[in-house]
Amino acid sequence: MSTSGQQTPTIKSRRSSFNSREPLTRRLQPVNTGSIKVLLLEGISQKAVSIIESAGYQIETIARSLSEQELIEKIKDVHAIGIRSKTKLTKAVLEHAEKLIVIGCFCIGTNQVDLDFATEKGIAVFNSPFSNSRSVAELVIAEIIALSRKLGDNIKETSQGIWNKAAKNCHEIRGKVLGIIGYGHIGTQLSVIAESLGMRVIWYDVLPVMPLGTSRSVDSLNSLLEISDFVSIHVPETPDTINMIKEAQISRMKKGAMLINASRGTVVDIPALANALNSGHLGGAAVDVFPVEPFKNGKFFESELIGCPNTILTPHIGGSTEEAQSMIGVEVSNAVVNFINLGTSSNAVNFPECDLKALPITDIKTLRIVNIHQNVPGVLLQINSIIGKYNVTKQVSDSRGDVAYFMADITLDDSEAIDRIYKDIIGMSENIMTRVLF
Ligand SMILES: O=C(O)C(=O)COP(=O)(O)O
């Protein structure tokens, strides 16, 4: 290895030959959508803004989320919208999304979007399934230690000039049992870090998952609640998880155990948690997410948990690190740009996954049709009878539930045929959305 700080010629030449391959693919652009407008809300990372800008789209950024009425106004005009967990894309909002092609959730959760309705309208939804997992897991570790040492109350009192030194009910976390509900991307990260700090990790998940390290799964939520010194929740919001932890579950927890929720606010019944903290049944709680959260910074926040003993409340900051936001920004903006420009639906949350290779730069006669249609018999036959008279060089299709996704590359000598193909496909009664990329 060179100590001069300069790169060796070998590395340089590899880099330049790698770069020299990049322009070999053609940059497709949507034909029938006009210039692409993107609305980015909730302070989405500058990395995302740069990627979207370099795709040549017009961007409007707003640092906060918008109310339903504001969204209804704004969404009419845009082809893509980027949101985080606070912006609610309800049916009422999406009904006004006349041009919307794609929604980028620059976060893990997608419960803030009416996914069924988006799918019905042919709008693809992308998220970032794991890029903020480490940040959330690190916050939970900090909270486990903080709760064990009553840091929240200690800091508050000392900052108010009250000296109150005590060891009673303060513990090391080494050897304590951490029960993780939901052993997905965040649960597994947490499991590994907690074990490295000497905790004993058990977990419960509805899916069979490979235990990491020496952690072990338990066969029911109740067993987990009964054994754990700390319970940390890492589940999405679904009809099954709403109010999953309420009085009956909290009463199963050991006296003095602590509850941590950095998943979704609706998973825990807040009044039941406040009662358990005030009665002394639970020894503490750390809560980062709430059933109702203010939609912008500086707004008043209220909760029955304010003032409960040994309770740490934070403003939904689990994924709010520069590292996570930058990774998410790159991942989701690339997915959005690839969907708009190439039609690639890989990793979409609500669509069947289809992909076709980028076209070579020398190929200036091939266009790409991207079509979303109702998943009923006979549609592929109809599409192929429209495009079958041209030179279809590639096609792929897949279906999921009520919708199917179709992509085809068609090489044309007569560019006027583009319009005919488009009109014929959108004329099918099963057509949901069709785009031509050229
Ligand atoms: O990733 C998630 O789903 C989160 O809850 C974090 O959301 P945020 O990006 O902070 O609005």
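This report describes the domain layout and the ligand site of a predicted model.

## Domain layout

The domain assignment divides the protein into domain 1 (1-23 + 359-438), domain 2 (29-132 + 321-353) and domain 3 (133-313). Domain 1 and domain 2 are each given as two segments, whereas domain 3 is given as a single one. Taken over C-alpha atoms, the centres of domain 1 and domain 3 are separated by 47 Å.

## Annotated region

In an unreviewed entry, UniProt places the feature "domain: D-isomer specific 2-hydroxyacid dehydrogenase catalytic" at residues 38-350. Over residues 38-350 the chain is 34% helix and 14% strand, and the C-alpha atoms at its two ends lie 20 Å apart.

## Surroundings of the ligand

The residues that surround the ligand are Arg84, Ser85, Phe106, Cys107, Ile108, Gly109, Asn132, Arg264, His316 and Ser320. By residue class, this shell around the ligand comprises three nonpolar, five polar and two charged residues.

## Polar contacts and cover

Oxygen atoms of the ligand take part in contacts with both side-chain and backbone atoms of the protein. On the side-chain part, a polar atom of Arg84 lies 2.7 Å from a ligand oxygen, and an N or O atom in the side chain of Ser85 is 2.6 Å from an oxygen atom of the ligand. Gly109 contributes through its backbone, where an N or O atom lies 2.7 Å from an oxygen atom of the ligand. On its own the ligand has 320 Å² of accessible area, and the protein covers 92% of that area.

Note on methods: Residues are numbered from 1 along each chain as its sequence is written. This is a predicted model: local features need pLDDT of at least 70, side-chain atom pairs count only at pLDDT 80 or more; totals for chains, interfaces and linings use all residues. Side-chain values use heavy atoms; hydrogens and water are left out. A residue is near a molecule or strand if one of its heavy atoms lies within 4 Å of it. A polar contact is a pair of N or O atoms within 3.5 Å; within protein, one must be able to donate a hydrogen and the other to accept it, and residues adjacent in sequence count only if both atoms are side-chain atoms. Accessible areas come from the Shrake-Rupley method with a 1.4 Å probe; for residues, only the protein chains shown count as cover. Ala, Val, Leu, Ile, Met, Phe, Trp, Tyr, Cys and Pro count as nonpolar, Asp, Glu, Lys and Arg as charged, and the others, Gly among them, as polar. Domain bounds come from an automatic or database domain assignment. UniProt positions are given in the numbering used here, feature names are shortened, and annotations may be inferred rather than shown by experiment. Helices (H or I, at least four residues) and strands (E, at least two) are DSSP runs, numbered from the N terminus.
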